[in-house]
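Subject: Structure handover

Hello,

Here is the structure you are taking over. Please open it first, then read the notes below.

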Amino acid sequence: MNDRQSWMGAFSEVLGKFSKKTHEFETMSLAGTLPVSESWSEKEIEEQKPVTRYIRNILKNYSENIDESGTYDHISGNIKHLRTDFKAKIRTEDLDAIIQELHPTPAVCGMPKEFCKESIQKLEKFPRELYAGYIKIETEDTVHYFVNLRCAKLYQNAVHVFVGGGITAQSNPEKEWTETELKSEAVVKNLVVL
Ligand SMILES: C=C(O[C@H]1C=CC=C(C(=O)O)[C@@H]1O)C(=O)O
């Protein structure tokens, strides 16, 4: 980010939201993707479950009362995801540790986390740079953490778009590719050539 390069993002997966007043912490399990008009299959349902389990297992080390919603559709432009929300009262001093444990979530890294992280570093051909990292925004009352998905690096006369997808044993390569194209619209549709 300088006068020749910049980044933009067009997605709002919340890694964490903390209220300094109530000490309530909120996060979400978000995975599985389909065009809005299609119906969920076992593949997407099974893809989102480990993300939900992962979050639940982390939060239970920090709070006795965890409020977990049912799973519902999160619509994002032309596509939808499966989403489950979590709310828990936590101690302010645990906030950083929780964020470090949640990040990177299975939706962007995979499971088991350390094995997948090392494998991605070894095998992935393109550097992620700021993609799949998180953005922290702190105000007087809240601290918000957003996962930086569906983003772009802007050069003076070019754009580099970053998108990805969760791969499972049931994934079909062509469908995963189409999914990344649909996801990229969140950014591409907002770019205008002057
Ligand atoms: C990795 C991305 O999306 C994640 C979040 C929701 C659904 C996903 C999926 O269905 O693959 C991904 O896990 C991305 O947009 O780059």
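Which residue in E5 is the bridge partner of serine 76? The bridge partner is isoleucine 79. More on that corner below.

First, the ground rules. This is a predicted model, where local features need pLDDT of at least 70, side-chain atom pairs count only at pLDDT 80 or more, and totals for chains, interfaces and linings use all residues. Residues are numbered from 1 along each chain as its sequence is written.

**Overall**

The protein has four helices and nine strands. Both are DSSP runs, numbered from the N terminus: helices are H or I with at least four residues, strands are E with at least two. The order from the N terminus is β-β-β-α-β-β-α-α-β-β-β-β-α.

The C-alpha trace spans about 50 × 45 × 35 Å along its principal axes. The radius of gyration is 17 Å, which agrees with the value near 16 Å for a compact globule of 194 residues. That radius is taken over C-alpha atoms, and the globule rule is 2.2 Å times the number of residues to the power 0.38.

Of the 194 residues, 25% count as buried. Buried means 20 or more other C-beta atoms within 10 Å of the residue's own; exposed means 12 or fewer; partly exposed is in between; C-beta atoms are placed from the backbone. Of the contacts with a separation of 6 or more, 65% involve residues 24 or more positions apart. A contact means that two C-beta atoms, placed from the backbone, lie within 7 Å.

UniProt lists residues 4-183 as "domain: Chorismate-utilising enzyme C-terminal", in an unreviewed entry. UniProt positions follow the numbering used here, feature names are shortened, and annotations may be inferred rather than shown by experiment. In the model, that span is 27% helix and 36% strand, and its end C-alpha atoms lie 26 Å apart.

**Strands E2 to E5**

Strands pair here if DSSP finds at least two bridges between them. E2 (residues 13-19) and E3 (residues 24-35) pair in the antiparallel sense over two bridges. Phenylalanine 18 stands opposite phenylalanine 25 in E3. E2 and E3 form a hairpin with four residues between them, and histidine 23 in the turn has a positive phi of about 65°.

E3 also runs antiparallel to E5 (residues 79-89), joined by 11 bridges. E4 (66-76) is antiparallel to E5 too, with nine bridges. E4 and E5 form a hairpin with two residues between them; glycine 77 in the turn has a positive phi of about 65°.

Now back to isoleucine 79. This residue is also the bridge partner of proline 35, which is found in E3. Proline 35 counts as exposed, with 11 C-beta neighbours inside 10 Å. Leaving aside neighbours within four places in sequence, proline 35 is in contact with Asn78, Ile79 and Leu182. Glutamate 179 is 144 residues from proline 35 along the chain, yet their C-alpha atoms are separated by 8.3 Å.

**Helix H1**

H1 (residues 42-59) has 18 residues. Its buried residues are Glu44, Glu47, Gln48, Val51, Thr52, Ile55 and Leu59. They fall within an arc of 130° seen down the axis, so they line one face of the helix. The arc is that of the directions from the helix axis to the C-beta atoms. These buried residues pack against E3, E4, E5 and helix H2 (95-102). The face turned away carries the exposed residues Glu42 and Asn57.

**Backbone points to check**

Most residues other than glycine have a negative phi, and most peptide bonds are trans. These spots depart from that:

- The peptide bond from histidine 103 to proline 104 is cis, with omega near -10°. Proline 104 lies in the loop between H2 and helix H3 (113-123).
- The bond from methionine 111 to proline 112 is cis, with omega near -5°. Proline 112 is found in the loop between H2 and H3.
- Glutamate 129 has a positive phi of about 50°. This residue is partly exposed, with 13 other C-beta atoms within 10 Å.
- Arginine 150 has phi near 45°. Arginine 150 counts as buried, with 25 C-beta neighbours inside 10 Å.

Arginine 150 sits in the loop between E7 and E8, and so does asparagine 148. Asparagine 148 is buried, with 20 other C-beta atoms within 10 Å.

Best wishes

Technical notes
The expected span of a helix is 1.5 Å times one less than its number of residues.
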